[in-house]
Amino acid sequence: MRTLLTFSIFLHMYASVAFANEDLEKRLFGGAPLKKVKISASDKLADSLQVGGRLEIRYNSAHTEQQKFFDSSYSQLKRADIYFDTRPTNDLRALLRLRLTEEKPTNTTLAAAVAAYEQPISTNIDELWFKWDIKDSVFLTVGKQHLKWGSGRMWNPTDFTAVSNRDPLALFDSRLGQELVKIHIPVEKQGFNYYVVFQFDDMSQTEDLGLALRGEFPFLGTGEAALSFQTRSDEALRIGADVSSAVGLLDVYVESAFITNEKRTFYEGKIDPNTSTLPTGYDRSDSFLTQIVGGVYYTSKYSDNDNVTIGAEYFHNGLGYKDRELELYSLALQQSAPLYAGREYLAGYVRLPNPGTWNETSFFANVLYNLSDETVVARLTATTQIFKDLTFEGFISQCFGDYGEFCFRMPEKFKPLASDPAFSPAQQQIIGALPTKRTRTSAGVSLSMSF
């Protein structure tokens, strides 16, 4: 119904502009005198309106250990992002982006097991915001919008306003926008930028309103430092520092988050279902926890039109676990988030866009290593332009290691937990849906088009 209403409004605006243009042609090229056409608000809106979007069809397959090739699991995704962008005046802009998704997931990963209980077809507002300025000095953006803080490529602990973590292996960030009021105050002489952000995501009452602050300060002509702060009722207080700069031929960055009053449950102990022994939950809200990301990358121009980027990143996660079973236990109970469950991580990547005469083809290689549970996932992705605006993407990934976050499977000792009365029915369902064998290889292809 909402999509039909939007389409009807668009047709009305198009017709208004068409009749106005017809009137102008009669006055220029002859015909009976016509009355002056009054330009309505909808005419102005239509005249400034731009419509576009992105369409994607994706097919994925996952092959578990000791499985025949033709028994591999299969999933598919169809996604349409449609936007309406208008600037009726120089000082006002509005944007609406709708997302239609149809997905058939598999349960080969923890995230997919949780998603299996959600609706396969969804309609979402990805973005809906108004933006204007006050005397070219203060810029306001009100509504659902995209905002990313932090310089990390794989991990972003200072991205305080995010409601979910980005998939670092995916080329397209599919996260939906956030409910925010953003106030941006630039200081042009010094190049400083100040942000005040009010967060409305997951609010049920007024006291749930979140507040985030950020200042960005350039230095030495090539570097930038940023300080961030975020607080919310009954949630952790977070302070962030972010520094990035060129050092000789290298680009380096460090991103740190300092967290206190963390409300999640942490675990210690062992799991032994035979004796009904489970990890003990404990509180660390009085502790001062740290997350630190450090990275370096180098871009080499090996011809007039070609370059390659090689980078590495390390993540120390004070909220994660050194013990593999505690890490998986916390993931299964959704107290830890994927990519933020282990204590230490290492990543490497290579970006090779349009090499040599392959001007329509690019290659991307990524490796993520969970140092805590000693599992690794490596992924190679290639994209190429076919039929002008149509992009083909193919990837293959492989996990290495016994079992853990990146070679995910439910250990034998976890199976009785699916019927343990200590857990809620929803938790029992999720634990019961977890795969019992590792997904060794995953592959996928997609077609996408922007218009």
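**Exercise 1. A charged patch**

Is Asp 202 buried or exposed? Place Asp 202 in the chain and find the patch that Asp 202 belongs to.

*Solution.* Keep in mind that we're working on a predicted model.
- Step 1: the relative accessibility of Asp 202 is 73%, so Asp 202 counts as exposed, given that the cut-off for that word is over 50%.
- Step 2: Asp 202 sits in the loop between strand 7 and strand 8, and Glu 207 lies in the loop between strand 7 (192-199) and strand 8 (210-219).
- Step 3: Glu 207 has a relative accessible area of 48%, so Glu 207 is partly exposed.
- Step 4: together with Asp 234 and Glu 235, Asp 202 and Glu 207 form a negative surface patch.
- Step 5: for a contact along the fold, take Asp 202 and Glu 179, which are 23 residues apart in sequence and 8.8 Å apart in space, C-alpha to C-alpha.

**Exercise 2. A nonpolar patch**

Work out which elements give two or more residues to the nonpolar patch around Val 445.

*Solution.*
- Step 1: list the members, which are Ile 57, Tyr 59, Tyr 74, Phe 392, Val 445 and Leu 447, with about 470 Å² of accessible area together.
- Step 2: sort them by element, and strand 1 (49-64) and strand 20 (439-450) turn out to give two or more residues to the patch.
- Step 3: check one of them: Val 445 belongs to strand 20 and is partly exposed at 35% relative accessibility.

**Exercise 3. The two sides of helix 5**

Find the buried residues of helix 5 and say why they share a side.

*Solution.*
- Step 1: in helix 5 (residues 425-433), Ile 430, Ile 431 and Ala 433 are buried.
- Step 2: these residues are on the same side of helix 5 because they cover an arc of only 165° around the axis.
- Step 3: turn to the other side of helix 5, and there you'll find Pro 425 and Gly 432 exposed.

**Exercise 4. Backbone oddities**

Track down the loops that hold Asn 261 and Glu 374, and look at their phi values.

*Solution.*
- Step 1: recall that most residues other than glycine have a negative phi.
- Step 2: Asn 261 goes against that with a positive phi near 60°; Asn 261 lies in the loop between strand 11 (250-260) and strand 12 (266-268) and is partly exposed at 27%.
- Step 3: Glu 374, not a glycine either, has a positive phi of about 60°; its loop runs between strand 17 (361-370) and strand 18 (375-386), and at 56% relative accessibility Glu 374 counts as exposed.

**Exercise 5. Salt bridges**

Describe three of the 20 salt bridges, then find a network.

*Solution.*
- Step 1: Glu 56 and Arg 58 pair up at 2.9 Å, N to O. Glu 56 is buried at 4% relative accessibility, and Arg 58 is buried at 14%.
- Step 2: Glu 102 pairs with Lys 78, with 3.0 Å between the closest N and O atoms. This bridge links distant parts of the chain, 24 residues apart, with Glu 102 in strand 3 (residues 92-104) and Lys 78 in strand 2 (residues 73-89).
- Step 3: Asp 323 and Lys 270 form a salt bridge too, with the closest N and O atoms 3.5 Å apart. Asp 323 lies in the loop between strand 15 (307-317) and helix 4, while Lys 270 lies in the loop between strand 12 and strand 13 (280-282), so the pair ties together parts that are 53 residues apart in sequence. Lys 270 is exposed at 55%.
- Step 4: follow the shared partners, and Arg 54, Glu 56, Arg 58, Arg 79 and Glu 393 join into one network.

Methods. Residues are numbered from 1 along each chain as its sequence is written. This is a predicted model: local features need pLDDT of at least 70, side-chain atom pairs count only at pLDDT 80 or more; totals for chains, interfaces and linings use all residues. Side-chain values use heavy atoms; hydrogens and water are left out. Buried means under 20% relative accessible area, exposed over 50%, partly exposed in between (1.4 Å probe, protein chains only). Helices (H or I, at least four residues) and strands (E, at least two) are DSSP runs, numbered from the N terminus. The arc is that of the directions from the helix axis to the C-beta atoms. Patches are made of residues with over 30% relative accessible area and no salt bridge: like charges are joined within 9 Å, nonpolar side chains (Val, Leu, Ile, Met, Phe, Trp, Tyr) within 5 Å. Accessible areas come from the Shrake-Rupley method with a 1.4 Å probe; for residues, only the protein chains shown count as cover. A salt bridge is a side-chain nitrogen of Lys or Arg within 4 Å of a carboxyl oxygen of Asp or Glu. Lys and Arg count as positive and Asp and Glu as negative; His and the chain ends are not counted. The place of a charge is taken as NZ of Lys, CZ of Arg, CG of Asp or CD of Glu.
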